[in-house]
Amino acid sequence: MKKKWIIAILTAALCLLAAAPAMAADVFQFTERNIRVFAGETVTPELQRDGKYAEGEVTFTLRNERAVIDENGTVTGVSPGDVYLDAQLKQEGRAVKNARVTITVVRKVTGVSLDTEKLQVYAPDDASILPLLAPRTEEQGPLTSRILVMPAGKGIWPRYTVEPSDVSQRDQKVTWEISDTNILRLQGGQLYAVRKGECDLIIRSNQNPEAFEQLHVLVTQPVKGIQVTAESKYVAAGKTLQLTAAVTPEDATIQSVEWTSKSPKNAEVDQNGVVTGIARGSATIEAKSKDGTNRVGYFTVNITQDVTGVSIRETDVTVATGRRAAQLHTEVLPQNASNKKLVWSSSDESIAIVRNGIIYGQKAGECIVTASSESNPEVAATIPVKVIQLVTDIQYLTQAGEKIYIGDQLQLEWQVLPEDASIKDVTFRSRAPKIAAVDANGIVTGLNKGVADIEAKAADGSGRYRVYRVTVLKAVEGIDPLPAQYYAPVGRGINIKATVYPRDASNLRILWSSSDESIATVRPNGTSYGKITGHRRGWVTITATTEDGGFSTSTNVLVDYFDTLITCNSARIDDNNKIRLVLWNMSRDYTVSRITMRIECFDTQGEPMVCNTDGESTYFDASYGFALEPGAPTEHGRFTFHNYKENGMLGYVVISVTGYDFDNGQRWSIPESVQLDHKYRSENSSHWGDPILKEPGEENG
């Protein structure tokens with residue numbers, strides 16, 4: 001029964017399937033949602049139309065310019081990126097249905113290549129590699145792909161390049177194809193050389209399988225060590241030395257090495273291991289395996305350089321006995337000579353010896369000094385040497401301490417010792433050229449007052465010198481006249497001044513004399529002064545004479561008792577506190593032009609009273625500035641009170657005459673010990689008196 005039901009169901013299903021076309025759904029869509037197309041290539045997306053959408057006009061539209069489309073719906077890729085293709089169905093002029101497909105335009109991979117910067121890769125026709133490959137059959141033909149050499153047991157992390165460079169990251173993926181994985185294997189992204197042998201390696205683009213690179217891989221028995229040897233460790237500049245590199249194990253597939261000099265300025269090496277010396281020094285030569293194992297062997301070569309020339313900078317040498325010359329300057333060529341040592345010798349060591357380029361004088365004479373190359377004695381240089389006898393002393397024959405006046409000259413005399421000195425010339429120099437000058441012949445000329453040391457120095461380089469000290473004097477040119485008349489006191493001395501000119505003359509000393517020493521004597525009292533001491537009344541002539549040049553001047557001196565010439569005859573303090581004075585010229589013969597006084601002030605209690613503008617002094621100065629004939633008194637109202645300040649009532653004053661001026665201009669100062677004090681009370685019975693300031697228009701006194 002069940003079997004019949006199953007048959008019935010199957011029969012019904014077959015009937016429905018047979019009637020399916022008549023029952024097709026309404027469809028208007030692209031068969032693919034996403035389509036990839038290479039830039040520059042075309043694709044025609046398939047549009048499915050069924051049911052009521054099977055008929056009608058279809059138009060196609062692209063959303064941007066990354067691709068173009070023709071009227072048939074064929075799309076041509078232009079630039080990488082996504083573009084939307086829209087299809088619109090119109091029936092009876094009305095849009096009834098839309099469909100969209102995304103077209104991705106991609107850059108087509110055109111090439112794939114292995115990056116070989118750090119790999120051992122050779123051209124297919126490289127003669128150094130071909131002998132290591134197995135013979136190829138006629139069917140295989142010659143190799144056309146590059147040859148990658150890898151030592152067994154070594155792995156590399158391969159890098160490759162996809163072209164063009166702007167291919168998307170997604171389209172840069174490749175597939176690695178190895179013809180024999182027993183020889184070469186890709187594991188974990190690393191190419192690993194399994195064992196010695198040959199195989200092919202293909203790097204193929206996943207995007208475009210037609211883009212690929214094929215390499216022939218030679219897996220070698222690796223080099224494990226390199227030993228470099230040579231017949232010598234030395235090679236001269238310009239010469240060659242053959243090096244030999246032996247690799248281990250002996251069955252290493254690639255026996256050849258790459259030669260490199262680590263110091264190419266010193267030595268070069270070619271790829272046959274031949275070292276050429278370039279410049280003095282050392283160079284390490286490296287032999288590196290070519291099978292990719294980077295095994296290295298080293299050999300150090302020492303490059304030597306022979307001396308080809310010797311020269312001495314100095315052209316001749318003069319040296320003194322018992323002295324040594326300066327170090328000679330030599331040049332050994334070439335600059336990079338291995339042994340620059342020199343051997344020095346003298347043709348006559350009794351005249352001069354030489355040590356390391358320094359010449360020592362033995363006795364006066366001439367010889368030849370030679371510098372020879374230690375490594376090549378035939379290369380040498382010579383220099384003539386003269387030995388001289390040095391000066392040991394210079395002596396002045398001119399008497400020491402000579403003095404000259406400005407403008408005068410002095411010829412110095414001298415001698416050089418020893419008598420057999422080779423060079424007896426001396427040079428003169430003034431150590432005080434503003435005081436005295438000296439010429440080449442030792443003639444000294446006085447220029448200005450002072451002391452100058454004249455140095456005579458040996459010209460032979462001995463450094464010997466002698467100094468002569470000369471004093472340059474400035475002459476006296478005259479003496480100023482003394483006053484025609486002078487006054488001197490009996491019993492004491494006064495100074496009289498005589499002026500010598502010029503004032504900076506070297507000798508300003510004056511000789512003083514008196515015509516009658518019973519009346520007055522005169523003695524020097526310093527450079528310009530004479531002290532006259534009066535002994536009795538009378539006239540005497542005092543004369544001043546310069547010690548230098550004998551210039552003289554005289555004055556007539558009157559000796560008398562002059563300290564009491566001026567006396568205070570009367571004084572009073574009136575009711576208005578004014579001081580009234582009367583002074584007399586007590587002489588019969590002398591006129592005075594000015595009188596000075598000192599006035600001390602006391603209050604009504606007899607105590608000193610401040611009366612000076614300084615606010616401290618109890619006295620002030622007064623003067624009478626008018627001519628006073630012999631026997632004449634002063635006139636009222638002509639006195640001047642100096643520094644006076646009213647400070648209360650005066651009880652009395654004390655007046656002292658301190659000095660006066662003669663009409664010839666001589667100032668006469670009365671010593672304080674002989675000054676006479678005149679004391680005067682106030683006339684007012686209520687007080688002892690007080691001087692007051694002068695009224696407007698009226699002099700004090």
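A residue counts as partly exposed when its relative accessible area falls between the buried limit, under 20%, and the exposed limit, over 50%. Keep that in mind as you click through this predicted model.

**Stop 1: Arg100.** Select Arg100 first: its relative accessibility is 46%, so it counts as partly exposed. Now add Asp86, which makes a salt bridge with Arg100, with the closest N and O atoms 2.7 Å apart. Arg100 sits in strand S9 (residues 94-106) and Asp86 in strand S8 (residues 81-91), so this pair ties together parts 14 residues apart in sequence. Asp86 has 13% relative accessibility, so it counts as buried.

**Stop 2: Asp563 and Arg492.** Here's another salt bridge, with its closest N and O atoms 2.7 Å apart. Look for Asp563 in the loop between strands S53 and S54, and for Arg492 in the loop between S46 and S47; the two are 71 residues apart. Asp563 is buried at 19%, while Arg492 is partly exposed at 22%.

**Stop 3: Glu635 and Arg638.** These side chains meet in a salt bridge at 3.7 Å, N to O. Glu635 is partly exposed at 44%, and so is Arg638 at 33%. Then go back to Asp86 and Arg100 and add Arg63: salt bridges with shared partners join these three into one network. The structure holds 20 salt bridges.

**Stop 4: strand S23.** Select residues 257-261 and show side chains. Which ones are buried? Val257, Trp259 and Ser261 are, pointing to one face, whereas Glu258 and Thr260 point to the other and are not buried. Finally, bring up S26 (residues 281-289), which pairs with S23 in the antiparallel sense over 5 bridges. Val257 has Ser289 as its bridge partner there.

How values were computed. Residues are numbered from 1 along each chain as its sequence is written. This is a predicted model: local features need pLDDT of at least 70, side-chain atom pairs count only at pLDDT 80 or more; totals for chains, interfaces and linings use all residues. Side-chain values use heavy atoms; hydrogens and water are left out. Buried means under 20% relative accessible area, exposed over 50%, partly exposed in between (1.4 Å probe, protein chains only). Helices (H or I, at least four residues) and strands (E, at least two) are DSSP runs, numbered from the N terminus. Two strands pair if DSSP finds at least two bridges between them. A salt bridge is a side-chain nitrogen of Lys or Arg within 4 Å of a carboxyl oxygen of Asp or Glu.
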